[in-house]
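Student: Please take one part of this structure and look at it closely. I would like to know what it is built from, what it packs against and how it fits into the rest.

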Amino acid sequence: RSSWLLLAPLLTPPIPVITAPPCSLCPEGAHRFQWIRNLVPEFGISSSHVKVLSSPAEFYELLKVQIKAAKQRVVMASLYLGTGLLEQELVDCLEETLEKSLQAKGSPDLRVSILLDYTRGSRGRKNSRTMLIPLLQRFPEQVRVSLFHTPNLRGLLRLLIPERFNETIGLQHIKVYLFDDNVILSGANLSDLYFTNRQDRYVLLRDSPEIADFFTELVDAIGDVSLQLQQDDTVQMMEGMVHPYQGDKVAYCEIANRRVMEVINSARTRQELLHAKTFHSSQAGSSLISQQGSQASGSLKPEPDTWIYPLIQMKPFGIQIDEMVTETLLTEAERDARIYLTTGYFNLTQAYMDLILGTRAEYRILLASPEVNGFFGAKGVAGAIPAAYVYIEHQFYSEVCCLQQQERVQLQEYSRAGWTFHAKGLWLYLAGSDLPCLTLIGSPNFGYRSVHRDLEAQVAIVTENKALQQQLHQEQEQLYLCSGVVSTSTFEQPNRYVKLWVKLVTPLIKNFF
């Protein structure tokens with residue numbers, strides 16, 4: 001019996017309901033993106049608090065350093081935690097830090113909250129759950145492990161679909177790692193590949209309490225509607241909470257929507273009040289300076305030159321903010337603007353493809369060559385997934401050529417011996433600028449899964465600061481440096497041959513990977 005037949009009940013995708021995008025972009029500089037704060041909280045920070053990382057090793061070392069230094073909170077959201085030695089070292093760091101907190105005078109202040117996906121985190125005999133149970137047993141009052149289970153995997157479907165394949169229905173895909181008031185946004189999971197030779201993107205936001213509070217509350221909200229891991233490796237829902245696959249689906253999704261939107265709206269209200277207070281303070285400060293001279297200026301907080309907007313996408317709960325913002329950015333990008341868009345899995349939604357092909361900006365799209373695709377060399381049906389991506393890429397490239405858009409829309413393939421590619425996001429260069437003023441970084445891949453099936457989060461970072469713009473530009477250049485431009489001859493290479501059955505099956509299953 002073919003494993004694909006188990007997906008038969010899902011092969012007709014739901015018709016997506018797209019909410020009309022918000023207002024058009026304003027005319028001047030980085031401030032043209034302030035319309036995003038109509039949807040989500042806007043966090044103004046100094047660019048000196050932002051650091052762009054470049055390598056998996058740097059990411060891994062930073063995780064360990066931050067865990068060891070944490071005093072109040074460690075909050076980690078990921079698809080899963082791996083089971084190797086490097087992952088065990090992370091768990092050991094958590095144990096050491098919790099132990100220190102326990103031995104400190106008075107009640108321990110440190111709280112650890114970990115959010116993972118239920119299906120991916122339960123895969124195999126040794127899994128994310130078994131890695132974390134010792135922490136739960138040793139520090140039951142300080143550690144919480146939540147396992148999100150999609151409400152769409154239920155009933156007969158849940159009984160029929162085997163392990164691994166059940167992950168195609170929907171996942172907790174958010175990747176946020178925060179330690180006290182320091183936040184790391186990334187697309188990387190907590191697994192040894194992501195610490196060694198799987199290229200991703202990572203940004204550290206230092207000393208950013210409001211942003212850390214927001215993501216703590218977001219992870220708590222998703223945690224509250226997730227299964228709670230117990231010390232004996234069982235799971236249970238919080239008291240009074242609707243069960244994700246045994247309870248009423250509509251009621252569950254409504255509760256989840258309410259919890260997440262409460263976090264977004266309350267943070268947005270807090271930030272608006274803070275902006276108003278800061279504005280009035282700066283007005284008073286300006287008046288004071290003009291009256292008393294420059295002595296008063298030392299006590300004023302510097303004006304922010306960088307703005308962080310968290311973009312959430314949880315279509316199972318009816319939350320489509322990231323999709324709305326991304327579509328608006330693509331729609332409004334002006335002629336001669338350049339957009340560098342990257343994804344480890346090139347499988348764009350039809351809406352994103354239509355916008356790229358039908359708008360005026362220049363696009364440089366970076367994707368994985370078959371050899372650096374995460375599924376390359378996988379056993380069974382999964383081993384054919386890189387070929388399916390080649391087929392999707394070839395179809396898109398053919399459409400670009402058919403519309404004679406090869407100069408404006410260029411595909412580039414990342415290739416690096418011994419590495420795999422998982423970076424996602426975009427960099428926006430305004431017309432006439434050599435540096436980007438906006439980047440999107442986080443978990444979404446711009447594909448059907450990201451938009452419709454999984455829980456996703458990324459941030460839009462908008463900056464006026466040239467040094468930070470240079471950091472972002474160097475990050476983009478470093479990734480694109482390992483790539484070659486796609487042409488017609490690319491698909492004539494022997495390793496690009498796609499079997500007939502893959503071509504026939506791909507349109508049916510492309511919404512699942």
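Tutor: Helices here are DSSP runs of H or I with at least four residues, strands are runs of E with at least two, and both are numbered from the N terminus. By that count the protein has 14 helices and 21 strands. The model is a predicted one. Of its 513 residues, 56% are buried. Among contacts with a separation of 6 or more, 80% join residues 24 or more positions apart.

The part to look at is helix α11. It covers residues 385–402, 18 residues in total, and reaches 26 Å from its first C-alpha to its last, close to the 26 Å expected at 1.5 Å a residue. After α11 comes Q404, which has a positive phi, near 55°.

Next, the buried side of the account. The buried residues in α11 are I385, P386, A388, Y389, V390, Y391, I392, E393, F396, Y397 and V400. An α-helix has 3.6 residues a turn, so residues three or four places apart point the same way. The stretch from A388 to E393 is buried without a break. The packing partners of these buried residues are two helices, α10 (350–358) and α14 (500–509), and two strands, β15 (362–368) and β16 (409–414).

One of the buried residues, F396, leads to the wider interior. The largest nonpolar core has 114 residues, and F396 is among the members that touch the most others, together with F33, F215, M314 and I365. With nine residues, α11 supplies the largest share of this core. The core lies between domain 1 (29–40 + 303–509) and domain 2 (43–265), because both give residues to it. A second core, of 45 residues, lies apart from it and includes L90, L110, L135 and L227.

M314 shows what one of those well-connected members touches. Leaving out residues up to four places away in sequence, its contacts are I174, L218, I222, V260, I319, D454 and L455.

Of these, I174 also falls in a stretch named in a record: an unreviewed UniProt entry annotates residues 168–194 as "domain: PLD phosphodiesterase". That stretch is 11% helix and 33% strand, with its end C-alpha atoms 21 Å apart. Strand β6 (residues 176–179) pairs with strand β3 (residues 73–77) in the antiparallel sense over four bridges, and V74 has F179 as its bridge partner in β6. Both strands belong to an open sheet of nine strands with mixed pairing, in the order β2-β9-β7-β6-β3-β4-β5-β10-β11. At its edges are β2 (50–53) and β11 (235–236), each paired on one side only.

Note on methods: Residues are numbered from 1 along each chain as its sequence is written. This is a predicted model: local features need pLDDT of at least 70, side-chain atom pairs count only at pLDDT 80 or more; totals for chains, interfaces and linings use all residues. Side-chain values use heavy atoms; hydrogens and water are left out. The expected span of a helix is 1.5 Å times one less than its number of residues. Buried means under 20% relative accessible area, exposed over 50%, partly exposed in between (1.4 Å probe, protein chains only). Contact means heavy atoms within 4.5 Å. A nonpolar core is a set of buried Ala, Val, Leu, Ile, Met, Phe, Trp, Tyr and Cys residues joined through side-chain atoms within 4.5 Å. Domain bounds come from an automatic or database domain assignment. UniProt positions are given in the numbering used here, feature names are shortened, and annotations may be inferred rather than shown by experiment. Two strands pair if DSSP finds at least two bridges between them.
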